[in-house]
Protein chains: 2
Amino acid sequence: MSIGRQFFSWLLFFFPVLVQAQPADSLQIRKIVNEILVNGQAYQNLRDICRIGPRLSGSPQAEKAIELTRRMLQQAGADKVWLQPCLVTHWERGAGETAYLVDSAGTKFTLRISTLGNSMGTDGKDVCGELLYINRFDQVDAMGEKMLRDKIVFFDLPMNPTHIRTFQAYGESGIARRNGPSLAAKYGARAVLVRSLASNVDAYPHTGATRYNDSFPKIPAMALSTQDAEWIAENMAKGKKFTACLRNRAVMKGEVLSYNVIGEIKGSVYPEEIISIGGHLDSWDLGEGAHDDGAGCVQSIEALRALHNLGIRPKRTIRAVMFMNEENGGGGARAYLDSAIAKGEKHVFAIESDAGGFSPRGFSFDLGDQAYGQVKKWAPLFAEYGIHRWERGGSGADIGPLKKIGTALCGLRPDSQRYFDVHHAETDVFSAVSKRELDLGAAAMTALIWLVSEYGLTL
Amino acid sequence: MSIGRQFFSWLLFFFPVLVQAQPADSLQIRKIVNEILVNGQAYQNLRDICRIGPRLSGSPQAEKAIELTRRMLQQAGADKVWLQPCLVTHWERGAGETAYLVDSAGTKFTLRISTLGNSMGTDGKDVCGELLYINRFDQVDAMGEKMLRDKIVFFDLPMNPTHIRTFQAYGESGIARRNGPSLAAKYGARAVLVRSLASNVDAYPHTGATRYNDSFPKIPAMALSTQDAEWIAENMAKGKKFTACLRNRAVMKGEVLSYNVIGEIKGSVYPEEIISIGGHLDSWDLGEGAHDDGAGCVQSIEALRALHNLGIRPKRTIRAVMFMNEENGGGGARAYLDSAIAKGEKHVFAIESDAGGFSPRGFSFDLGDQAYGQVKKWAPLFAEYGIHRWERGGSGADIGPLKKIGTALCGLRPDSQRYFDVHHAETDVFSAVSKRELDLGAAAMTALIWLVSEYGLTL
């Protein structure tokens, strides 16, 4: 794009969106947004977190990230920062995971794989069997033991590209990763390969948790890069047959002690009313957990920093929470709820950012009609920032349990087109994050919790 | 993000947005979007265009891109494909451009620079002078010859980060690149360094056209990486002084013959009414011109391909136009208008994509009140695709001249947060483009021109 006359005529039409009803709110939100866009620390904080390396629950890197974000919360100006103990799943991939195919001519094809999180290992030995191709999950029961016995089952369920909201495609195709291993084991399969839950086609396998059903044998399961998945699908469609062999040293070590990291600014008028803003600090052990969910952590820290730096003392208590163990156990989320119940805390509102550090497009709210009617009135204040999507819906895995104690919940909804290119893969690194997009997401969340803090919510 | 219960409760709220008023239009648009998301060729086409290398007007690569996109339009199913001759500016950077600073202790600092497009060269010799720091363009006249005579002027105008619409910041800070060299020359400066028009801080200089005022000497001008700009600003703020030396072999070779590449599908009912959809084929000579504007070209080709593949015969004639020479001359745009006038063609609507291949957020329309009232009624059809921004405004530099013959104009408005990280720089490469974002932009434009083709516009 050059800078011709057209461009300037376009500029003439940039009128700021004035929300006449609430000019003071509009100005305050503009202050918050500008503070974050001009002085924001989220991007630098994310770089520092990513430099630690991946932060799988129970790993030494997760421990380092706890200490690092504790310091970040202090520097952000929190009145109080603490570590909240929680029991977390400790699973390790182990070194030397491999998978390969052998065709009928004896030619060997190495696959680019990643063992699924929480999956059984093969103790460093090859587990082999004939490869069985399945691209419709609902056909497995009909195929039954006759087809599955002793096979290596390959679930090839591409994410549906026609869903504009990629999380919908993730939810649908994800059934193979979540339930495939136990379903295959039910009918005697030896192991499972799953097409990565990726919206693009490339060489990187995407991991993620699987869930064993205790009624069936726990068989090893790996994710396959989408490139390899397409290659196999093409070849098997032509009638080629393969033997597949999987090997790894994955091991489930059970529960260990870890921590949520929490910082708060005490409310000036209603200190007992708590507003939580959070992301999860743990990540998968591939990449750097930049979008998932370093972004949500640094955005939450940024909310405290921006309010503090602007000298805004919120009426209600605002807590930034780095939840531990979202990816493969949910231990941090449970501990946060348990502590809230034990202490009789009043949690009025919670928002989570766990859909990537991309340009914010809106929020989805999980709360009662009255409270929704109330928050929906704030929508015009966000329009000039491109935040148009304002709807009922879920929130986040970490804050979800707070529903039990009546908390109004909310999820930040960023643009989702690129999320599943990097999600749970080696490609989820700091350089895949845009500073401005990250900052705008932080600003959107900060503005929203400031409004809740000012006006409260009728639950 | 893992796949907990929260996620599924969120899914429950995904109701498709049904536009009751126009169910048939809604369905047809869904078909177009799905065709592009499932069978789209835009991403592969972009890869092939980018493999040619940068496509500065008059370069051998630009000629290759003409031939390649001509074939792409044929393969897309155009009824007719042709090359439209145009005279374009032919400027060359030349090899060995350098710039460095020397401080008072004699220490030399090499700068990461890129000569501004259309700029004079130094014929391979160093042009040196004391470095003068300017961060307010409106102060230059007051500084005058006394301050500027024999200096190397450094314009340090960062893009204003508080503009949510980054093009606004680009327009404002861009005054230094556009007008700085001639203004500095007016007061006797020897050469100019300009902070890159980049929204991030990194090591890559961003080029772009400058415009000489013929009343003043034409002095050489280079863009500086934002990292170097910040480093210099910091040091000069501490009182450090530098001598700067610039050297290059840039040369303006004048006008040469080149071509716009055009493909059309003839209208079935009103073939004489033309709807143009376009981008520009030329790029700067850094990077691969992926977002600027390979994206706009392949999206326009994709529009024809999708309509053809779906068997949709438009009522009005639809033309995909790859304009040449948008970046440093506008020769293609002039030729397209001249031809339209010479042939007495009736151009009813034109849309350009020249703001990057990012997630589409909306359109800006440059047309009369009646036509705007008409197109605005289509907005609800686009809401389910996240396309909310529907407003008056400019269109694009290539289609802009069509205003003279009364054409209704429109610009695709993608998310702009990342555009100025890569714009006119080495980083504007294929790998910086997301397939889904690119496809959604193509789908948005195709849906809009299909509506115009069906219903026409009352101009």
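# Salt bridges, one helix and an interface

Q: How many salt bridges does the structure hold over all chains?
A: First, the ground rules: this is a predicted model, where local features need pLDDT of at least 70, side-chain atom pairs count only at pLDDT 80 or more, and totals for chains, interfaces and linings use all residues. Residues are numbered from 1 along each chain as its sequence is written, chains are lettered from A and ligands numbered from 1 in the order in which they are written, and side-chain values use heavy atoms, with hydrogens and water left out. A salt bridge here is a side-chain nitrogen of Lys or Arg within 4 Å of a carboxyl oxygen of Asp or Glu. Over all chains, that gives a count of 68.

Q: Which residue meets Glu391(A) in a salt bridge?
A: Glu391(A) is buried at a relative accessible area of 18% (buried is under 20%, exposed over 50%, partly exposed in between, with a 1.4 Å probe and protein chains only). Its partner sits 2.8 Å away, N to O. Glu391(A) is in strand E15 and the partner in the loop between strand E6 and helix H6 of chain A, so the pair ties together parts 226 residues apart in sequence. The partner, partly exposed at 23%, is Arg165(A).

Q: Is Arg93(A) buried or exposed?
A: The side chain of Arg93(A) pairs with that of Glu97(A) in a salt bridge (3.2 Å, N to O). Its relative accessibility is 9%, so Arg93(A) counts as buried.

Q: Which residue's side chain makes a polar contact with the side chain of Arg195(A)?
A: Arg195(A) lies in strand E7 (residues 191-195) of chain A and is buried, with a relative accessible area of 6%. Its neighbours, leaving out residues up to four places away in sequence, include Phe154(A), Asp156(A) and Leu224(A); touching means heavy atoms within 4.5 Å. A polar contact is a pair of N or O atoms within 3.5 Å, where within protein one must be able to donate a hydrogen and the other to accept it, and residues adjacent in sequence count only if both atoms are side-chain atoms. At 3.1 Å, the side chain that fits belongs to Glu230(A).

Q: How far apart are the end C-alpha atoms of helix H14 of chain A?
A: Helices (H or I, at least four residues) and strands (E, at least two) are DSSP runs, numbered from the N terminus. The expected span is 1.5 Å times one less than the number of residues, so the 21 residues of H14(A), 435-455, should cover 30 Å. As for surroundings, 18 of those 21 residues are buried, and Gly456(A), just after the helix, takes a positive phi of about 70 degrees. The end-to-end distance agrees with the expected span: 30 Å.

Q: Which residue of chain B forms a salt bridge with Glu437(A)?
A: Between chain B and chain A the count is 2 salt bridges, alongside 14 residue pairs in polar contact (both at pLDDT 80 or more). For Glu437(A), the closest N and O atoms are 2.9 Å apart. The partner is Arg418(B).

Q: What area is buried between chain B and chain A?
A: Here 65 residues of chain B are in contact with 65 residues of chain A. Buried area is the accessible area (1.4 Å probe) that two parts lose on being put together, summed over both. Carbon and sulfur atoms give 59% of a total of about 5500 Å².
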